[in-house]
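Got your viewer ready? Load the model below, and we'll walk through it one selection at a time.

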Amino acid sequence: MPSVSSRLTGGAAVLLLATGLLSFPGLAPNPYVLSAGIVVLHYAVLATSWNFVGGFTGYLSLGHGALAGLGGYGTGLLVTKAGLNSFVALALAMLLVSALAVPIGMAALRVRGASFVIVSIALVLILLLVFQSWASLTGGSRGLVVPRPFDLSRPEHHRVFWFLFSGLLALALLAWWLIDRSRFGLGLKAIREDEDKAEALGTPTFAYKLVVFVVSAAFTALAGGLYALWFGDLDPVFQFSVLTGSYLVLMALLGGVRNLFGPLVGALVVGVALEYFKVEFGNTPLHLVATGVLLALVVLFMPDGVLPAAGSLLRRLRPAGEQASIRDVTAAELRERRRAEEVRR
Amino acid sequence: MASEIELVDIQAGYGRAAPVLRGFSVAVPAGSVVCLVGPNGAGKSTVLKVAAGLLRPRSGRLLVGGRDVTGLSPQRMLAAGVALVLQGHSVFREMTVAENVRLGGYTLTDQKRLAERVDFVKGLFPVVAERWGALAGLLSGGQQKQVEFARSLMVDPRVVLLDEPSMGLDPKATSTVFAQVRRMRDAGTAVLLVEQNARRALETADLGCVLDLGRVHLAGPAADLLADPQLGELYLGGRPGEKRPAAQEG
């Protein structure tokens with residue numbers, strides 16, 4: 001059971017997040033800042049969705065960009081070709097992507113480690129080829145224009161979508177939190193630590209991985225579909241990009257994959273940095289170099305992410321009598337202690 | 001006394017290589033510890049793999065509670081009441097003791113039963129109750145082994161298979177671990193124990209079985225085996241009945 005201090009910290013984090021989400025549209029000085037905020041919020045939803053698979057099972061997927069792209073194109077095509085209401089199309093696209101995630105997951109989740117990463121990259125590249133080549137349906141390289149769901153001014157359009165993305169983020173966080181505390185979550189975390197051992201103890205590992213992959217795909221598709229309705233223009237090169245998946249991994253690792261708010265914090269840092277680099281340096285590969293450097297720094301100095309590192313720092317600053325329970329020790333601290341123990345021996 | 005688990009005339013091996021077990025048989029009665037000893041390569045760990053369903057025997061029968069369970073998967077063996085505690089440390093190091101123990105009862109869906117089992121293992125292994133919220137990786141080797149024992153008992157197994165429980169432990173921790181093995185036995189569980197520390201294991205066990213080249217070389221009450229001059233010379237590194245200082249044990 002969580003300690004009183006961790007409950008208080010959690011409650012404060014939820015309050016801070018809710019305040020930030022509700023007040024940002026009013027504080028944004030212009031529509032550009034609000035639209036940049038939506039891009040960051042979109043990343044936050046995607047990274048949190050990615051963290052259902054990455055955080056719980058330890059399977060690093062670089063293919064989540066493809067699931068978001070499928071959600072976006074699914075929504076766009078159902079609106080433009082089938083004439084469905086935008087939000088009915090969004091829900092239907094989510095269901096279709098979830099259904100498609102079953103055979104994709106069944107194939108991809110049979111392999112582990114680097115092989116899974118490669119399979120996930122292959123998914124993105126195959127879908128990029130399909131959506132570029134099938135121009136009669138998808139518009140190919142010309143892209144697909146998705147009509148706006150509301151007849152609103154540009155600032156109002158942004159404001160409405162800010163709250164829609166906020167609602168989706170809250171839903172994804174709630175789902176992650178519920179799973180984290182469930183028997184299902186316990187099984188998933190055992191898979192992350194040692195899949196064979198978890199299986200030997202009776203955890204249906206493959207079924208669990210598949211279910212959480214489908215849940216992750218559903219949220220990712222919703223984020224992709226909502227983005228399509230907000231942005232209104234889809235291009236296969238950007239929708240089916242390995243870079244998107246890489247950004248999501250970076251965001252989640254940066255914030256901390258074992259923490260509910262980790263991917264959100266990572267999305268804030270990386271999303272804001274990406275926007276900054278694009279605005280300051282234009283269409284140069286500098287933002288990619290900066291992203292690479294950031295990833296290297298995180299892996300070297302904060303392997304568990306910013307939030308666990310900050311928590312650990314806070315605990316060190318506390319007087320000895322007020323130190324938290326042994327449960328709050330991070331995996332990095334655990335490794336450090338083990339190394340020290342081995343050196344002593 | 002009826003056997004909880006019985007391996008009958010087992011032939012087993014890996015791939016197409018020659019069999020490791022060549023007609024091996026052993027029976028473990030309820031509430032007793034049976035210890036398998038023997039030199040390296042004798043097939044001790046292979047016996048446990050067969051008993052846990054990790055290795056399908058080429059021939060022979062595996063009976064649990066009198067029911068033929070030959071060839072069942074590890075999960076179904078667990079459901080049949082056979083729990084395996086692996087060699088070395090097999091706790092989930094970055095999960096709490098509580099999470100580790102609850103994972104042991106993962107197949108239990110009845111929450112009341114789960115709570116009862118948790119209370120039972122906490123009573124049997126005080127260290128589990130004391131370090132309930134701690135990360136398992138921070139416990140000492142002996143404490144981790146007790147968490148593994150507790151985890152294995154969560155499903156209330158008929159049989160616990162222990163593969164070298166004293167491996168890598170200091171003498172004090174080894175003593176604690178063997179004391180806990182006796183407590184499991186006293187709680188009614190049948191224990192099949194494989195151990196390199198033959199003398200210590202036979203002191204704990206009720207029955208012993210010396211394995212050599214995949215066959216039973218000697219079998220009988222553990223105390224008799226300990227006193228057997230042939231066994232003392234061959235496997236226990238000294239004369240029968242000769243007591244070694246505790247520091248040399250473990």
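Start by selecting helix H12 (residues 242-255) of chain A, together with what surrounds it. The buried residues of H12(A) pack against helix H2 (31-57), helix H3 (64-80), helix H11 (236-239), helix H13 (262-281), helix H14 (286-301) and helix H15 (306-317) of chain A. Packing here goes by contact, meaning heavy atoms within 4.5 Å, while buried means under 20% relative accessible area, exposed over 50%, and partly exposed in between (1.4 Å probe, protein chains only). Helices (H or I, at least four residues) and strands (E, at least two) are DSSP runs, numbered from the N terminus.

A word on what you have loaded: this is a predicted model, where local features need pLDDT of at least 70 and side-chain atom pairs count only at pLDDT 80 or more, while totals for chains, interfaces and linings use all residues. Residues are numbered from 1 along each chain as its sequence is written, chains are lettered from A and ligands numbered from 1 in the order in which they are written, and side-chain values use heavy atoms, with hydrogens and water left out.

Stay with H12(A) for a moment. Of its 14 residues, 10 are buried, so the helix is largely enclosed by the rest of the structure. Pick out a few of the buried ones, including A:Tyr247, A:Leu250 and A:Met251. From first C-alpha to last, H12(A) reaches 20 Å, close to the 20 Å expected at 1.5 Å a residue; the expected span is 1.5 Å times one less than the number of residues.

Now look at the two ends. At the N-terminal end, A:Ser241 acts as a cap, with a side-chain oxygen 3.0 Å from the backbone nitrogen of A:Leu243. After the helix comes A:Gly256, whose phi is positive, near 120°.

Next, select H3(A), one of the helices that the buried residues of H12(A) pack against. Here 16 of the 17 residues are buried, so H3(A) too is largely enclosed by the rest of the structure. Its end C-alpha atoms are 24 Å apart, which agrees with the 24 Å expected for 17 residues at 1.5 Å each.

**A histidine to find**

Type in A:His157, which sits in helix H7 (residues 154-180) of chain A. Is this histidine buried or exposed? With 1% relative accessibility, A:His157 counts as buried. A polar atom of its side chain lies 3.0 Å from the backbone oxygen of A:Trp230. Leaving aside neighbours within four places in sequence, A:His157 touches A:Arg148, A:Pro149, A:Leu152, A:Leu229 and A:Trp230.

**Salt bridges**

Over all chains, the structure has 16 salt bridges, each a side-chain nitrogen of Lys or Arg within 4 Å of a carboxyl oxygen of Asp or Glu. Try A:Lys189 and A:Asp180 to begin with, at 3.0 Å from N to O. A:Lys189 is buried, with a relative accessible area of 10%.

Then show A:Glu195 and A:Lys209, whose side chains meet at 2.7 Å, N to O. A:Glu195 lies in helix H9 and A:Lys209 in helix H10 (residues 205-231) of chain A, so the pair ties together parts that are 14 residues apart in sequence. Both A:Glu195 and A:Lys209 are buried.

Hop over to chain B for B:Asp156 and B:Arg113, with closest N and O atoms 3.1 Å apart. B:Asp156 is in the loop between helix H6 (141-153) and strand S7 (159-163), and B:Arg113 is in helix H4 (residues 111-124), 43 residues apart. B:Asp156 counts as partly exposed at 40% relative accessibility, and B:Arg113 counts as partly exposed at 29%. Check the backbone of B:Asp156 as well: phi is positive, about 50°, although this residue is not a glycine.

**Where the chains meet**

Finally, show both chains. The contact takes 26 residues from chain A and 24 residues from chain B. Which salt bridge could you display between them? Try A:Arg258 with B:Glu94, at 2.7 Å from N to O; the count between chain A and chain B is 2 salt bridges. On chain A, helix H8 (183-193), helix H9 (195-200) and helix H16 (331-344) each supply at least two residues of the side touching chain B. H8(A) gives the most, with 7 residues.

Conventions: Polar contact = N/O pair within 3.5 Å; in protein donor to acceptor, adjacent residues only side chain to side chain.
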